[in-house]
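Colleague: I would like to learn how to read a model of this kind. Could we go through it feature by feature?

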Amino acid sequence: MNILDNLKYRFKNAGIVEKLIYINLVIFILVLFVNSFGKLFQLDTNLMVDWFALPANFDEFLSKPWTIITYGFLHAEFIHILFNLIILFFVGNLFVDYFTQKQLLNFYLLGTFFGGIIFIASYNFFPVFSKDIDVNVLLGASAGTSAILIGIATYIPNYSFKVRLIGYIKLWYIAVFFVILDIIQISGNNAGGHLAHIGGAIFGFLYVSSASNKELGIFKSFRSLFKKKERPLKTVYKSGKKTSTSRFSSNKTNNQREIDTILDKISKSGYDTLTKEEKEFLFKQGKK
């Protein structure tokens, strides 16, 4: 198996978090190549950034509507992509412990979308940005990762991470820290980026909050993207005799109760507090 085949195999069998990381890395390498060739021809701009970054100017955006999503996979600096992918790796893998891989992808894409909306709306509404509206563009996965971070922090706020020299820190502390950091940095050089982070964070918070509080009624039209399809129980007939599925239904209910108990334990005390048997049970259920 050559290197290319090996990479294809790894990508095909990777989870959604790893696939998003691979896609971002490949696009980043392409941006670097295009930038290098552009300099050989004395081009002032990077063609990939021109075509796939989200412009602040609304009229320009209308000519490139796809940029509302494509900017979320585009990076131009190594530190920028490194920081975003580290957060995506840790927070994304925590997210899929409680939700499905499809749900994580939807959070990433819709967080990117809402971050882009906040970015464009802010630059076209607030007078302070008027002098930069024709030159500013948005790129980076931060809005998508912010949606994932705030979404999972809203769902399991008391989940704790162990940090060296500090001890255990609850997930909602980390989420609030990042949101406050974005708010106070709006007045800085990267105002558009921080506004997009806040847009993604707002989506993550409101979606999970509305999902757990039916009275809010926010994002009802999006819930079908995250809702698992439930298969109806069927009555099976064999050799003229009816076989009931009630035993299967009972086992499924008992398994779900045990899963809920384990997840409650994780949200209160963290994954490391589970017994070996509980970890094995959760792992087996996740593969079904």
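Colleague: Start with a helix. What should the 14 residues of helix α9 span, at 1.5 Å a residue?

Modeller: The general idea is to compare an expected span with the distance between the end C-alpha atoms. This is a predicted model, and in it α9 covers residues 171-184. The expected span is 20 Å and the end C-alpha atoms lie 20 Å apart, so the two agree.

Colleague: Which residues of α9 are buried?

Modeller: They are Leu-171, Ala-175 and Asp-182. Viewed down the axis of α9, the buried residues keep within an arc of 35°, so they line one face of the helix.

Colleague: How far does helix α2 reach from its first C-alpha to its last?

Modeller: The same test applies. Helix α2, residues 16-40, has 25 residues and reaches 37 Å, close to the 36 Å expected at 1.5 Å a residue.

Colleague: What covers the buried residues of α2?

Modeller: List the buried residues, then look for what lies over them. In α2 they are Ile-16, Val-17, Leu-20, Ile-21, Asn-24, Ile-27, Phe-28, Val-31 and Gly-38. Their cover includes α3 (47-52), α6 (78-95) and α7. Just after α2, Gln-42 has a positive phi of about 60°.

Colleague: Is Ser-122 buried or exposed?

Modeller: Burial is read from relative accessibility, with under 20% as the cut-off for buried. Ser-122 has 6%, so it counts as buried. This residue is in helix α7, residues 101-125. Setting aside residues up to four places away in sequence, Ser-122 touches Phe-129 and Leu-195.

Colleague: Why does Phe-114 count as buried?

Modeller: The reasoning is as before: Phe-114 counts as buried because its relative accessibility is 18%. Phe-114 is also in helix α7. Its C-alpha atom is separated by 9.3 Å from that of His-197, although the two residues are 83 apart along the chain.

Colleague: What does Arg-10 count as at 46% relative accessibility?

Modeller: Between the cut-offs of 20% and 50% a residue is partly exposed, and Arg-10 at 46% therefore falls in that class. Arg-10 belongs to helix α1, residues 3-12. From Arg-10 to Tyr-22, 12 residues apart in sequence, the C-alpha to C-alpha distance is 9.9 Å.

Colleague: Which residues touch the most other members of the largest nonpolar core?

Modeller: To read a core, look for the members that touch the most others. This core has 48 residues, and the ones in question are Leu-88, Tyr-98, Phe-107, Ile-148, Ile-152, Leu-171 and Ile-266. Take Ile-148: leaving out neighbours within four places in sequence, it is in contact with Leu-88, Val-91, Gly-92, Phe-95, Leu-104, Phe-107 and Tyr-108. Apart from this core lies another, of 15 residues, including Ile-68, Tyr-71, Leu-195 and Ala-196.

Colleague: How many residues of the whole protein count as buried, as a percentage?

Modeller: Of 288 residues, 37% do. The accessible surface is about 18600 Å², with 62% of it belonging to carbon and sulfur atoms. The protein has 13 helices and six strands. Among contacts between residues at least 6 apart in sequence, 63% join residues at least 24 apart.

Colleague: What is the mean pLDDT of the protein?

Modeller: The mean is 82, and 81% of the residues reach 70 or more. Over residues 214-218 the pLDDT is below 50, and this stretch has six contacts in the model beyond near neighbours in sequence. Residues 228-245 are also below 50, with 11 such contacts. Where pLDDT is low, the predicted coordinates should not be read in detail.

Notes. Residues numbered from 1 in each chain as written. Predicted model: local features only at pLDDT ≥ 70, side-chain atom pairs only at ≥ 80, totals over all residues. Heavy atoms only, no water. pLDDT = per-residue confidence, 0-100. Contact = heavy atoms within 4.5 Å. Helix = DSSP H or I, 4+ residues; strand = E, 2+ residues; numbered from the N terminus. Buried < 20%, exposed > 50% of the residue type's maximum accessible area, 1.4 Å probe, protein only. Areas by Shrake-Rupley, 256 points an atom, 1.4 Å probe, with all protein chains shown as cover. Core = buried A, V, L, I, M, F, W, Y, C linked by side-chain atoms within 4.5 Å. Expected span 1.5 Å × (residues − 1). Arc of directions from axis to C-beta.
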